Amino acid sequence: MGQAPDIGVGSYQHEAKLALNMARKHTGMTRKVDDLGRIVLPAEIRRAFDIHVGDLLDISVQGNQIVLGKVEDRCIFCGTDVDLIQHHDKLVCLVCRKSLAEGV
Ligand SMILES: [Zn+2]
């Protein structure tokens, strides 16, 4: 039997912090996968990452790890949720995009 993949929770908001501290943080929490492939995120994790019912989570794979990231439907610069455009894997609003293009 191989090593079971680790499941981590992150959010784009926490990415900078995580980048500074790449050490894996084991929470000691484990959850069983049910017959439909579902797991329950522990309440402590949901609270810490401000994850609520209906929130979208992005699922990515890094090596043998499954990484969950909170999808933030907001501009990464000003925080608005209006006129968002995806630029690479980040959301940027039209106003900020324009201001970036003009170098203001
Ligand atoms: Zn913006």
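# A predicted model with two hairpins

The mean pLDDT of this predicted protein model is 81, and 77% of its residues reach 70 or more. Confidence is not even along the chain. Helix 3 (residues 94-101) has the highest confidence, at a mean of 94, and helix 1 (residues 15-20) has the lowest, at 46. Over residues 16-21 pLDDT stays under 50, and for that stretch the model has one contact beyond four places in sequence. Where pLDDT is low, the predicted coordinates should not be read in detail.

The overall content is three helices and five strands. Along the sequence these elements follow the pattern β-α-α-β-β-β-β-α. Of the 104 residues in the protein, 5% count as buried. Taking contacts between residues at least 6 apart in sequence, 35% join residues at least 24 apart.

A good place to enter the structure is the hairpin of strands 2 and 3. Strand 2 covers residues 57-62 and strand 3 covers residues 65-70, and the two pair in the antiparallel sense over six bridges. Two residues lie between these strands, and Gly63 in the turn has a positive phi of about 60 degrees. The register can be followed from the bridge partners. Leu57 is matched with Lys70 in strand 3, and Asp58 is matched with Gly69 in strand 3.

Leu68 also belongs to strand 3. The C-alpha atoms of Leu68 and Leu57 are 6.1 Å apart, while the two residues are 11 apart in sequence. Leu68 counts as partly exposed because it has 19 C-beta neighbours inside 10 Å, and a residue needs 20 or more to be buried. Strand 2, on the other side of the pairing, is hardly covered: among its six residues the count of buried ones is zero.

Further along the chain is the hairpin of strands 4 and 5. Strand 4 (residues 84-87) and strand 5 (residues 90-93) pair in the antiparallel sense, here over four bridges. One of the bridge pairs joins Ile85 to Val92 in strand 5. This hairpin has two residues between its strands, and His88 in the turn has a positive phi of about 50 degrees.

The loop between strand 3 and strand 4 holds Ile76. Which residues does Ile76 contact, leaving aside its neighbours within four places in sequence? They are Lys90, Leu91 and Val92. Val92 is also the bridge partner of Ile85, and Lys90, Leu91 and Val92 fall within strand 5 (residues 90-93). Cys93 is 17 residues from Ile76 in sequence, and the C-alpha atoms of this pair are 8.3 Å apart in space. Ile76 has 15 other C-beta atoms within 10 Å, so it is partly exposed.

Asp83 is found in that loop too, between strand 3 and strand 4. Asp83 has a positive phi of about 55 degrees although it is not a glycine. Is Asp83 buried or exposed? It counts as exposed because it has 12 C-beta neighbours inside 10 Å, and the limit for an exposed residue is 12 or fewer.

Asp50 shows a positive phi as well, near 55 degrees, and is likewise a residue other than glycine. Its place is in the loop between helix 2 (43-48) and strand 2. With 10 C-beta neighbours inside 10 Å, Asp50 therefore counts as exposed.

In reading the model, then, the two hairpins give clear reference points: strands 2 and 3 with six bridges, and strands 4 and 5 with four. Ile76 links the loop between strand 3 and strand 4 to Lys90, Leu91 and Val92 by contact. Helix 3 has the highest confidence, whereas helix 1 has the lowest.

Technical notes:
Residues numbered from 1 in each chain as written. Predicted model: local features only at pLDDT ≥ 70, side-chain atom pairs only at ≥ 80, totals over all residues. Pairing = 2+ DSSP bridges. Contact = placed C-beta atoms within 7 Å. pLDDT = per-residue confidence, 0-100.
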